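This report describes one structural model, with attention to its metal site, its ligand site and selected loop residues. The sequence and structure are shown first.

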Amino acid sequence: MLVTLRNDADPARVQAGMQRLGLWTERLSAPDGAPPFLLVSPCSAAVEPGAVLQVDGVAGVCVRPSPHPRLDELAGQSIAIAGRRIGVGERPILMAGPCSVESPAQIAASARAAAAAGAALLRGGAFKPRTSPYSFAGHGETALAWMRAAADEAGLGVVTEVLSERDVESVARVADLLQIGSRNMQCFALLRAVASARKPVLLKRGMAATVEEWLLAAEHLLAAGCPAVILCERGVRGFDPSTRNLLDLGAVALCARVHGLPVVVDPSHAVGRKDLVAPMARAAVAAGAAGLLVEFHPDPMQAKSDGPQALDPAELAALADECRTR
Ligand code: PEP
Ligand code: MN
């Protein structure tokens with residue numbers, strides 16, 4: 001934002017007035033003795049231009065058009081999902097389940113435990129992106145049917161990942177929320193195909209994506225007809241392998257508290273170890289997260305993927321109480 005001053009304005013007083021609104025400014029001198037311009041730092045609070053115009057001495061305000069106008073319209077709104085609302089001003093919601101949908105019995109037990117912990121949605125991968133081609137990659141469409149049946153029985157919604165354009169229709173038939181995984185955040189053809197299902201999307205942040213790239217991926221979805229996007233921070237690639245990823249809670253606070261957007265946090269993939277999941281979940285809610293996406297397993301030792309980060313049902317219930325998601 002660039003602010004012009006009236007000829008008779010005292011720039012220092014205008015800067016002080018703007019600082020009271022949470023705006024940090026830099027003075028840029030104008031030619032020919034005209035009053036300086038003030039350049040508003042991007043570290044400033046989100047303030048409407050109308051409020052800036054009220055500051056004594058301000059003559060005009062010039063705002064750079066937003067690169068994600070559709071996303072900006074979601075600011076401050078909540079989204080209806082599986083009988084609950086998610087977003088600013090709502091109690092954080094819990095989405096919980098195993099990393100992978102492994103069998104009808106495993107997902108049914110997971111759905112019962114998730115419901116007992118007050119979760120709104122059952123998570124679980126039917127189509128799994130795996131680093132190694134030899135790892136378990138999910139039971140595909142068969143698992144989608146197991147998952148829907150288990151969720152219906154327990155009164156939950158379903159969130160599950162769409163890995164390929166080919167699977168959009170089958171996933172959209174069973175899921176209340178379609179997940180785009182971290183590895184596919186900028187797979188624009190997939191984003192367009194998922195948007196065409198006209199269902200809300202959970203957009204995981206790419207593991208090396210800037211916040212701006214993440215928001216623009218959300219804009220791609222909205223521009224292609226997706227009705228609502230929920231962002232999901234799941235940790236970015238750090239330099240230190242001590243935890244699986246680096247949980248960027250600053251980005252969560254920025255998206256939630258400055259941009260007013262619905263952002264949930266996945267502490268499980270962020271830290272990769274179960275003993276740190278609950279503390280990071282609490283920190284996420286403190287940062288402004290609108291919800292949590294948490295992996296657990298009825299029998300973590302038997303998990304076919306991501307066992308070390310899976311809570312057991314009792315630990316999930318304790319997390320739900322600590323984070324007040326129920
Ligand atoms: C997942 O949530 O199942 C998953 C694969 O996560 P991510 O895309 O964040 O790695
Ligand atoms: Mn996982």
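## Backbone geometry and loop residues

A82 is placed in the loop between β5 (78-81) and β6 (84-87). Helices and strands here are DSSP runs (H or I over at least four residues for helices, E over at least two for strands), numbered from the N terminus. The model is predicted: local features need pLDDT of at least 70 and side-chain atom pairs count only at pLDDT 80 or more, while totals for chains, interfaces and linings use all residues. Residues are numbered from 1 along each chain as its sequence is written, chains are lettered from A and ligands numbered from 1 in the order in which they are written, and side-chain values use heavy atoms, with hydrogens and water left out.

Although A82 is not a glycine, its phi is positive, at about 45°. R324, in the segment after α12, also has a positive phi, near 50°, and is a residue other than glycine. Most residues other than glycine have a negative phi.

Accessibility is described in three classes: buried means under 20% relative accessible area, exposed over 50%, and partly exposed in between (1.4 Å probe, protein chains only). The table places several residues in these classes.

| Residue | Relative accessibility | Class |
|---|---|---|
| A82 | 36% | partly exposed |
| R324 | 62% | exposed |
| D248 | 24% | partly exposed |
| V285 | 24% | partly exposed |
| S100 | 0% | buried |
| S182 | 7% | buried |

## Overall fold

The chain contains twelve helices and 14 strands. Its C-alpha atoms fill a box of roughly 75 × 40 × 40 Å, taken along the principal axes. Of its 326 residues, 52% count as buried.

Two C-alpha separations relate positions along the chain to positions in space. D248, found in the loop between β12 (229-233) and α9 (249-258), has its C-alpha atom 9.5 Å from that of V265, and the two are 17 residues apart along the chain. V285 belongs to helix α11 (residues 277-287). From V285 to P92 the C-alpha distance is 7.4 Å, with their positions 193 residues apart in sequence.

## The manganese site

Four residues coordinate the manganese ion (ligand 2): C99 through SG, H269 through NE2, E295 through OE and D306 through OD, at 2.0 to 2.4 Å. Donors are N, O and S atoms within 2.8 Å of the metal (3.2 Å for Na, K and Ca); water is not among the atoms, so sites may look incomplete. Along the sequence, the donor residues of this ion follow the spacing C-x169-H-x25-E-x10-D. The pair H269 and D306 links distant parts of the chain, 37 residues apart: H269 is in helix α10 (residues 267-271), and D306 is in the loop between β14 (291-295) and α12 (313-322).

H269 counts as buried because its relative accessibility is 9%. D306 likewise counts as buried, at 19% relative accessibility.

## The ligand 1 site

The residues around ligand 1 (those with a heavy atom within 4 Å of it) are R123, K128, P129, E161, Q179, G181, S182, R183, K204, R234 and H269. H269 thus appears here and among the donors of the manganese ion.

An oxygen atom of ligand 1 lies 2.8 Å from a polar backbone atom of S182. Polar side-chain atoms of R183 and of K204 are each 2.8 Å from an oxygen atom of the ligand. Taken alone, ligand 1 exposes 300 Å², of which the protein buries 96%; accessible areas come from the Shrake-Rupley method with a 1.4 Å probe, and for residues only the protein chains shown count as cover.

## Side-chain contacts of two serines

A polar contact is a pair of N or O atoms within 3.5 Å; within protein, one must be able to donate a hydrogen and the other to accept it, and residues adjacent in sequence count only if both atoms are side-chain atoms.

S182 lies in the loop between β10 (177-180) and α7 (188-195). Its side chain makes a polar contact of 3.5 Å with the side chain of R234. A polar atom of the S182 side chain is also 3.1 Å from the backbone nitrogen of M207.

S100 is located in the loop between β7 (93-97) and α4 (104-116). The side chains of S100 and S305 are joined by a polar contact of 2.4 Å.
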